[in-house]
Amino acid sequence: MQNSLTRKPIEIKISTVVAVAVLLHEASTAALTAALTEMTAGSPDFFDDEFAVIDVEAIANATVDWNALIPLFKAHGLHPVAVRHAREEDYATIRSHGLSIDVVSKPRLETGQVVAPSPVVVQAPAPAPAEPQIIVRNNPAMVIDTPVRAGQRIYARGADLIITASVNNGAEVIADGSIHIYAPLRGRALAGATGNTEARIFALTMEPELVSIAGIYRTFENGFPPLKANHPAQVKLNGDSIEVSSVKLAG
């Protein structure tokens, strides 16, 4: 009886949840629909209900139809949670859809000073036990030596991610740096999560559901590119495209 009286009915804990940034360069719902359809190639689980922060700084003077835009993203598997650089007159409409207003303060710059963009991070309550497991650590490199199973999400903040076991279908691994997998990659791998275009993904066997470098995605519904047998593979950016290739071994 004493335990039931002292137990708190609710607890709030702070947990860091990764969200993708959606930078809009068009306000036209038709143009955005066409772009999302082309990007996802009709795959219903391309984004897999990812949290998203919508950034409208590039179209600050345009009129956005929020009542059409937010359902459009949800229909393509993106789950908007906040909006950056929104016009104040749009706040009420945005909040009516359950989204937060992410107010970005712009620092004063001295001549010649450059401020790097901050990573997109959403603070949210810790997920319930039934939700996918999220592991976040702050180290120069995160090392995982057990298999990453379906439903797990691992995020190496500000670091490379090194995995010595397989990444199974339905698992997701994320790093601000590069990802090194000394085993098969069959899940989702997202490197350069905060915009590092030099990041890469390496795996002994490359069979992913999805790969991403600095926010540029590629899926493999139409099969994988030809790779050399018994050679590790890498994923890197080539311009604005994802390139998958075999790694040339020394010796």
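**Notebook: salt bridges and a hairpin**

I began with Glu-172, which forms a salt bridge with Arg-153, the closest N and O atoms being 2.6 Å apart. I noted that this pair links distant parts of the chain, with Glu-172 in strand 11 (residues 172-175) and Arg-153 in strand 9 (residues 153-156), 19 residues apart. The model I consulted is predicted.

I then asked whether Glu-172 is buried or exposed. Glu-172 counts as buried because its relative accessibility is 5%, and buried means under 20%. Arg-153, at 17%, also counts as buried.

I looked up a further partner of Glu-172 and found a salt bridge with Arg-188, the closest N and O atoms being 2.9 Å apart. Here too distant parts of the chain are linked, since Arg-188 lies in strand 13 (residues 188-191), 16 residues from Glu-172. Arg-188 counts as buried at 6% relative accessibility.

I recorded that salt bridges sharing partners join Arg-87, Glu-89 and Asp-90 into one network. Within it, the side chains of Glu-89 and Arg-87 meet at 3.6 Å, N to O. Glu-89 is exposed, at 57% relative accessibility, whereas Arg-87 is partly exposed, at 24%. The structure holds 6 salt bridges.

I next turned to strand 17 (residues 233-238) and strand 18 (residues 241-246), which run antiparallel and are joined by 6 bridges. Asn-238 has Ser-241 as its bridge partner. The hairpin has 2 residues between the strands, and Gly-239 there takes a positive phi near 70°.

Finally, I noted the whole chain: 4 helices and 18 strands, with buried residues making up 39% of its 251 residues.

Note on methods. Residues numbered from 1 in each chain as written. Predicted model: local features only at pLDDT ≥ 70, side-chain atom pairs only at ≥ 80, totals over all residues. Heavy atoms only, no water. Buried < 20%, exposed > 50% of the residue type's maximum accessible area, 1.4 Å probe, protein only. Pairing = 2+ DSSP bridges. Salt bridge = Lys/Arg side-chain N within 4 Å of Asp/Glu carboxyl O.
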